[in-house]
Amino acid sequence: MWEYQSWHFWRRLYYALIGAGVVILILTLWYSVYSLRRSERVWEENQRATLRDQVLPVLAHGYQQTVRLRVQSIEDFLVFLSTRMGRALREAVPGRPGGGPTLSSEAGYRLSSQGQVIRVEGTDDEVLVSRSSARDPEAWRLIRASEALVDDFRTLRRQYPFVTYFYVVARGFMRIYPRVDLAGAYGPDFEPSRLGLFQLVGSVNPTRRRVLWTVPYPDVTGRGWVLTAAVPFYGPDGTYQGLVAADITLAAFSELFRNPIIEQVHAVALVFNESGHLVSGFPLSAMRLLWSRPWPPETAGPGQSDAANYPFKLETLDRQISLSSSVPERDGKTPNGLPRVQMVRLADEEYWVAHQTLAPMDWQFFLLVPTRAWSADGWATRQLKHGLWTTAGMAIVLFYFYLLAVLVVHSYIERRVFQPLAAIGDALDRGQAVVPPERALRPVERLAQAIHHYQRSIQDYIDRLRRTMEENRLTLQTVQEAYVRLDAQGRIQDVNPSFESLFRRPRETLIGTPLESLFGEDSRFFIRHRISLWIREPEIVEQPVEIHTGHVLHLLFSASPLAIDGQTTGIVLFIRDMTEIHRFEIQLAHMSTTDPLTGLMNRRLFMESLELMIRQAWQRRRSFSIVIVNIDYFRMIVSQHGVAVADGLLRSLPGLIEWPENALAARYGDDEIAVLLPDTALDIAQQWAEGVRSRIEQATFPVQDRTLRVTVSCSVVSFPEHGQSLSELIGHSYMAMQRAKQMGGNRVVMPKQTFPLGTQWYEWTERPRQLLELKEQGRLIPFLQPIVYLHDHKVLGFELLARIIENQDVVPAQDFLSILESLPPTDQIDIDAYLYRKALSRLRRYPGLSSFLNLSPAFIVLPAQFQRVCQEIVQMGVDPHNVVFEISERSILRDIEGLRRMIYAAREYGFRFAVDDFGSGFSSFQYFRVLPIDFLKIDGSYIIGLHRSLDNRWFLEAFIYLAHHFDIEIIAEHIQHPEDLEILRDMGIPLGQGILLGPPMPYDQWDITRVVTHQLTE
């Protein structure tokens, strides 16, 4: 009984304590709320007074000083430019254009048909001249004077990036920096004098020598709304001449005045210029509230009126302020000189407004702060202050809540923790989706949500993986390369349609089949050996193989091991059919070494064979003979019977000759065939040449309704009787041929044993060291020949050609090239570096032009010297991107790997590379695809007479296809005939070089204007 009463007593006491705690809690919360509201009202009144009397006046005064200083800085550098323009105008001399409507005598200018004057040398400014002033000497005097400001424009634009354009404007012209295509924007009828800046020049009062700020106006170039500041400049006699101006977009001008402190107090800053137009305002969201439209204007078309389409004006803001309950005084000041602050109502919002006039510019400045946003900033402070009372009250009642928690903790945890956890575990055991239980604790709900999110993530990952696998499958189905996946034993697991098409078997019969079974007996060993290699490491290999159908294909295998968790499970193999490309390379190699008309080898291959024969003859002490067969009066045959008859004569000529065993024959010239007779004495070679001459003399060639008889002259030289070097043999042969022609032709001539070769040319070619003496004497001269674009004849650059001046005669490089290469590599490099320096000193005068420099084979032997030359070129101030090194075919043959490393090292500086005389040898096709080449210079043998040779056109089409495949520019060499030039244009060859486009000139006389004049004359 006692226990029961005691239990009831303690239960009543517990309930009483709980009730008292609830009452205390309610009273504490009520007092906290009451104190909080009363303190909030007092704090808001203090904050408003502080804003009105202290913060906002000081902030407005400091910001207007910032606006004044930054505007003054813009005006200061415009005044500086005006002074510089006046000084340049006093020093400039009048200039006058001439020579017609397309070419100005003023150096560096070209007059367009729309009246626009453009710099040719690639400058970054632009000059506009009205038609009425295009031939006015005073206008050209102003243009010359304005050139002095371009460097200042460039420097100031880097210092003041917010300025978009600088101008020098007079009544007759306008200079713009940087360049903008105003003529293209306004159309073909563009007249510069109709521009707004031209009109501004005429409306300026010369007596007001101060900075003029225009009203905002839409710009035609798409920059949006623009503000222009201009300063007048004056001539030597003090007369007003024009303006120096700068453009600033409204967005950049507003960003210039941005102040993070003003943004922190939620203020709105507005700046109006002297014409009453808004030129700066932020934040942008407040502009839409004040004017009900975005600022700066989003769109603006050309030709719109400046003021009529610009609604952001001071009068609009004044109208809104005048409708409010309180209007601020325009120039009101507090006793300490700070602007007076008043409250107005704008756009259904109360603002504190500080207004001030920015003297001496007469600009207007407004600073508006919304009172509601300012008051809201103190909420955190008030909440922290009065939260202390709430915390104290809550601490008092925590004890009472503890007693209540003790009684209900068991049922609470059972219902809201353990039961939901059991439901979650049961769902996981069944593999069902976990749903967050109702009325569970937040940690339990978060756990359930995390499990649910994890289940969804797994499902999403499975879905993405399925989609990725499907996308990969579709990709493999569409690629042109044959794809096959093998297991570790080399059996096929998966293929794509390209693999089925390549091996001509359906997918169903391929799965599970060993890969080697798809190849012939001779190729299966290669496949088995490669599979054992591919399972360990990736490889790319190209190999001709026989497939099971009996066809031999040239295939490129690209294999990689397939590893999962560090264990190799198979092989991924891509196969590309290279048969057509391989066949194409073989065909091109044959074409590059064979004369298409006669079927004999070309001159380049013959000269290489002759050099090799000379070296073998020295080593083995053997002799050989050279016979050159020249058709007499060949040019007369061409002029009387035409090119077709002459080509037929050359085509049938090899068929009339009985060739000795091991003889090498080549078409040496337009009307010559050269024959190399190994191990043949001079008398035997003479007898054979006499037989050739007699057989051709007796032969007849049908020409339409009659027959044609021709004769030939033959020169015979022998090694070592008539020379021990290539230059001696060729020189004696040509001298003998000249003597045969002087004797009437139709004869076989040999050089006399005592035939004199003691000319000056022969003396220095026989003594290679004298080339160094010629360099010291200034007789080794670099000549420059232009390389131009064929479609518009613009100059890309020039090629460096070495020449020797001997008795006022010019000796071309091919006459002493072999002598130069006989020098030690260090001497060759010294000569090349000497020529490079001379030529590149001219290149620095024409920024943007490229210089093509022949790369000596000596650099491959001494790559460190080439690195030094590259560094020297960079130190000269020449842009490496404008320097192109030309690689000869002999350089490619000597050391392809060393050449590749040297090229990659030079390309890090920015240098580019070209292959010279492309198509004249097999090595060009065999190796250039592994080198990073930028240009291909087609050998001149394919260009000369292109309009008469259909075969050469086929070769060029092949070259164009190959170059486009590797993204390489093509340059056609030795362009001599206008007909060839038209064909090259039609075929799409972009660049050319030759006598027709510009002859070689000495480096100290080379001028781009002379190149342009030559092209116009042609």
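A salt bridge, for what follows, is a side-chain nitrogen of Lys or Arg within 4 Å of a carboxyl oxygen of Asp or Glu. Keep in mind that the model is predicted.

**Exercise 1: a pair between two strands**

Find out whether the salt-bridge partners lysine 937 and glutamate 799 are buried or exposed, and what their pairing ties together.

*Solution.* Start with the distance: the side chains of lysine 937 and glutamate 799 meet at 2.8 Å, N to O. That falls within the 4 Å cut-off.

Next, place the partners. Lysine 937 belongs to strand E33 (residues 935-938), glutamate 799 to strand E28 (residues 795-806), so the bridge ties together parts that lie 138 residues apart in sequence.

Now check accessibility, where buried means under 20%. Lysine 937 comes out at 0%, so it is buried. Glutamate 799 has 5%, so it counts as buried too.

Finally, look for shared partners: Glu799, Glu886, Lys937 and Glu973 are joined into one network of salt bridges.

**Exercise 2: pairs within a helix**

Work out how the partners in the bridges 141–138 and 466–463 are placed along their helices.

*Solution.* The structure holds 26 salt bridges, and here we take two of them.

Arginine 141 bridges to glutamate 138, with the closest N and O atoms 3.2 Å apart. Both sit in helix H2 (residues 137-146), and because they are three residues apart, about one helical turn separates them. Arginine 141 is buried at 13%, while glutamate 138, at 34%, is partly exposed.

What about the rest of H2? Seven of its ten residues are buried, so to speak of the helix as mostly covered is fair. The buried ones are Ala139, Trp140, Arg141, Leu142, Ile143, Ala145 and Ser146.

The other pair is arginine 466 and aspartate 463, at 3.1 Å from N to O. Their helix is H12 (residues 442-478), and again a spacing of three residues puts about one helical turn between them. Aspartate 463 is partly exposed, with 24% relative accessibility.

**Exercise 3: the nonpolar cores**

Say which residues have the most contacts inside the largest nonpolar core, and which helix gives the most to it.

*Solution.* The largest core has 84 residues, and Phe253, Leu270 and Leu367 have the most contacts inside it. Helix H1 (residues 2-91) is the top contributor, giving 13 residues.

Zoom in on leucine 270. Leaving out residues up to four places away in sequence, its contacts include Leu278, Met287, Leu290, Trp291, Leu317, Phe365, Phe366 and Leu368. Ser280, Gly281 and Gln364 are also touched by leucine 270.

There's a second, separate core of 77 residues; Met591, Leu840, Val869 and Ile968 are among them.

**Exercise 4: checking a helix by its length**

Test whether the end-to-end distance of helix H16 (residues 579-593) agrees with the expected span.

*Solution.* At 1.5 Å a residue, the 15 residues of H16 should span 21 Å. The end C-alpha atoms are 22 Å apart, so the two values agree.

As for burial, the covered residues of H16 are Thr579, Glu585, Leu588, Ala589, Met591, Ser592 and Thr593. Met591 also turned up in the second core.

**Exercise 5: a buried aspartate**

Find which backbone nitrogen the side chain of aspartate 980 reaches.

*Solution.* Aspartate 980 is in helix H32 (residues 978-987). Its relative accessible area is 0%, so it counts as buried. The side chain of aspartate 980 reaches the backbone nitrogen of leucine 946 at 3.1 Å. Beyond residues up to four places away in sequence, aspartate 980 touches Ile943, Ile944, Gly945, Leu946 and His947.

**Exercise 6: backbone oddities**

Locate the cis peptide bonds at proline 178 and proline 720, then the positive phi values at asparagine 662 and histidine 974.

*Solution.* Tyrosine 177 and proline 178 are joined by a cis bond with omega about -5 degrees; proline 178 is in the loop between strand E5 (173-177) and helix H4 (182-186). Phenylalanine 719 and proline 720 have a cis bond with omega about 5 degrees, and proline 720 lies in the loop between strand E25 (712-719) and helix H21 (726-742).

Now phi. Asparagine 662 has a value near 70 degrees, in the loop between helix H19 (643-652) and strand E21 (664-669), and is exposed at 56%. For histidine 974, phi is near 60 degrees; the residue sits between strand E34 (969-972) and H32 and is partly exposed at 41%.

Key. Residues numbered from 1 in each chain as written. Predicted model: local features only at pLDDT ≥ 70, side-chain atom pairs only at ≥ 80, totals over all residues. Heavy atoms only, no water. Core = buried A, V, L, I, M, F, W, Y, C linked by side-chain atoms within 4.5 Å. Buried < 20%, exposed > 50% of the residue type's maximum accessible area, 1.4 Å probe, protein only. Helix = DSSP H or I, 4+ residues; strand = E, 2+ residues; numbered from the N terminus. Contact = heavy atoms within 4.5 Å. Expected span 1.5 Å × (residues − 1). Polar contact = N/O pair within 3.5 Å; in protein donor to acceptor, adjacent residues only side chain to side chain.
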